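Student: Could you take me through one part of this structure up close? I'd like to see how the pieces around it fit together.

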Amino acid sequence: MWVLSGIAVMVLGFVLRFNPLLVVVAAAAVTGVAAGLDLQAIVSAFGKAFNNTRYVSVVWIVLPVIGLLEAHGLQERARGLIAGLKGATTGRLLTGYLLIRQVSSALGLTSVAGHAQTVRPLVAPMAEAAAEGQKDLTEDEREHVKAMSAATDNIGLFFGEDIFIAIGSILLMVGFLEQQGIILSPFQLSVWAIPTAIAAFVIHGFRLWRLDRQLGQKEAGQ
Amino acid sequence: MIGLPFVYTLAGLTFLAFAVLSLRDASNRKRWGNGAFWGLLALSMLAGDRLGDFGNGLLVLALVAIAGTGQLGRGAGGTTAVVRAERAARYGNKLFLLALVIPATALAGTFGFEHLPGLVNPKQVTLVSLALGALLALVTGLAWLRPHPAAPLQEGRRLMDSVGWAAILPQMLASLGAVFALAGVGDVVGQLMSGVIPAGSKIGAIIAFTVGMALFTMVMGNAFAAFPVMAAAIAVPLLIHQYGGDPAVVCAIGMLAGFCGTLMTPMAANFNIVPAALLELKDRNAVVWTQVGTALPLLAVNTLFIWWFAF
């Protein structure tokens, strides 16, 4: 039971808003000590895992290109394009992006889009511009539209990618079930991601429709 | 064969450039901190495999010491809104084409390299394609826009500073997951979850599995760590063997219940904390809060789906 104290450290650290990097290190130390490891073993285990997971930090290599494009007015251009489109609303725009993201992820194209590659330079400024066309945004509404843009990317990715047979989570399940003596093909698992993918589109699409109503309604009341 | 070493070298050189540019940025009061932070990350990318486990551990502790004591700052700079508007008018919608070079290359690479066996390591084809896309877009951008040659790196560093310590949080949390696994955290959680199921209740077991997947995923930050534990504790012994559920349905939808948890936790940093930093949101948990409204109903739907489709 004591090995769970690291989880308590995590929750407490996040709630008290300490620097998350410090919280993670503290949680690792507490967990390791509770499991009877010595400090050097904990530091080594952490270092080994850090080195093995470097691939998650590789995405930052797109920043020079994104920075160059932004310095040449990409965000302004994205805003201008949306502002010039009749009938473009935040909800419709993000619903369209949700569909594209789900379909492309389902085809295995998970790193084609993402927060650094598409959300910051294109999707968020477009959603913001569309919202500006609907009403004068308060600071909180502006933040909400941006957060919704990031959320839409995540939801499209998560509930599209499992339809693709060669994605990590499907292969993990195939391997796990094989150890349990249950032989399944990746395809048998991936088809069962389709009902949830549809449900995710309906639920999130409904929320985006409601966002449009909120943005539009306030304009009518002004 | 092109694989991760190529990608890590490219990333290492990029971070090295960020470090050098940070040190030379007189407008940043904390430039030494920034320089050291990005420099250490460059070292990790370029030489991580030669540092040894303990050496890498010390490197991580140094990164955390720099960020945790508030030594990371942000330099001034960047272009003014007036200049950007003027350039946006001059370059027009062709800017979008350049922006699409990265996704287009990632797309072409993912499919194309399949037909060129031996050239790119098939397991790492997406990351390699992404890196090639970034390079290709950079070269095209330099040739077309003709900025100062250091401008892309300078602009990249500016964006990197706005992300700050959040840049390595996903990697830190993944490493914490490894320590948790070593300490056997998963097994304890699995036992706890299987202990709360009312005996003989099929729907109780289904709810324990889906909610357990979501909760455990929230703790670990990814559903991959939660799945083997929750499946071994609940799905296989109860849902599949005792109640005769279809293993494909139970597992596939159970994993997606875990993904609902991913949406609701700061532990999934690269999806939830990093975009908040990239979009410069005031509340670093804003994306998590926004996603709860989709994740909770979807978790309920996943629970119903297992109930309907698996039995």
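Tutor: Sure, let's start on the surface of chain B. In this predicted model, a nonpolar patch is made up of Ile203(B), Ile207(B), Val211(B), Leu215(B), Leu304(B), Trp307(B), Trp308(B), Phe309(B) and Phe311(B), and together they have about 780 Å² of accessible area. Two elements each give two or more residues to that patch: helix 10 and helix 14 (286-309) of chain B. Why do the helix residues land on one side? An α-helix has 3.6 residues a turn, so residues three or four places apart point the same way.

Now zoom in on one member, Phe309(B), which sits in helix 14 of chain B. Is Phe309(B) buried or exposed, or something in between? With a relative accessible area of 34%, Phe309(B) counts as partly exposed; the in-between class runs from 20% to 50%.

Helix 10 also leads us inward. Along with helix 8 (169-183) and helix 11 (223-242) of chain B, helix 10 (202-220) is among the elements covering the buried residues of helix 9 of chain B. Chain A joins in too, since that cover includes its helix 1 (5-15) and helix 2 (20-34). And which residues of helix 9 (185-195) are buried? They're Val185(B), Gly186(B), Val188(B), Val189(B), Gly190(B) and Met193(B).

One last bit about chain A: it's divided into domain 1 (2-52) and domain 2 (58-215), and the centres of those two domains, taken over C-alpha atoms, are 32 Å apart.

Notes
Residues are numbered from 1 along each chain as its sequence is written. Chains are lettered from A and ligands numbered from 1 in the order in which they are written. This is a predicted model: local features need pLDDT of at least 70, side-chain atom pairs count only at pLDDT 80 or more; totals for chains, interfaces and linings use all residues. Side-chain values use heavy atoms; hydrogens and water are left out. Buried means under 20% relative accessible area, exposed over 50%, partly exposed in between (1.4 Å probe, protein chains only). Helices (H or I, at least four residues) and strands (E, at least two) are DSSP runs, numbered from the N terminus. Contact means heavy atoms within 4.5 Å. Domain bounds come from an automatic or database domain assignment. Patches are made of residues with over 30% relative accessible area and no salt bridge: like charges are joined within 9 Å, nonpolar side chains (Val, Leu, Ile, Met, Phe, Trp, Tyr) within 5 Å. Accessible areas come from the Shrake-Rupley method with a 1.4 Å probe; for residues, only the protein chains shown count as cover. A salt bridge is a side-chain nitrogen of Lys or Arg within 4 Å of a carboxyl oxygen of Asp or Glu.
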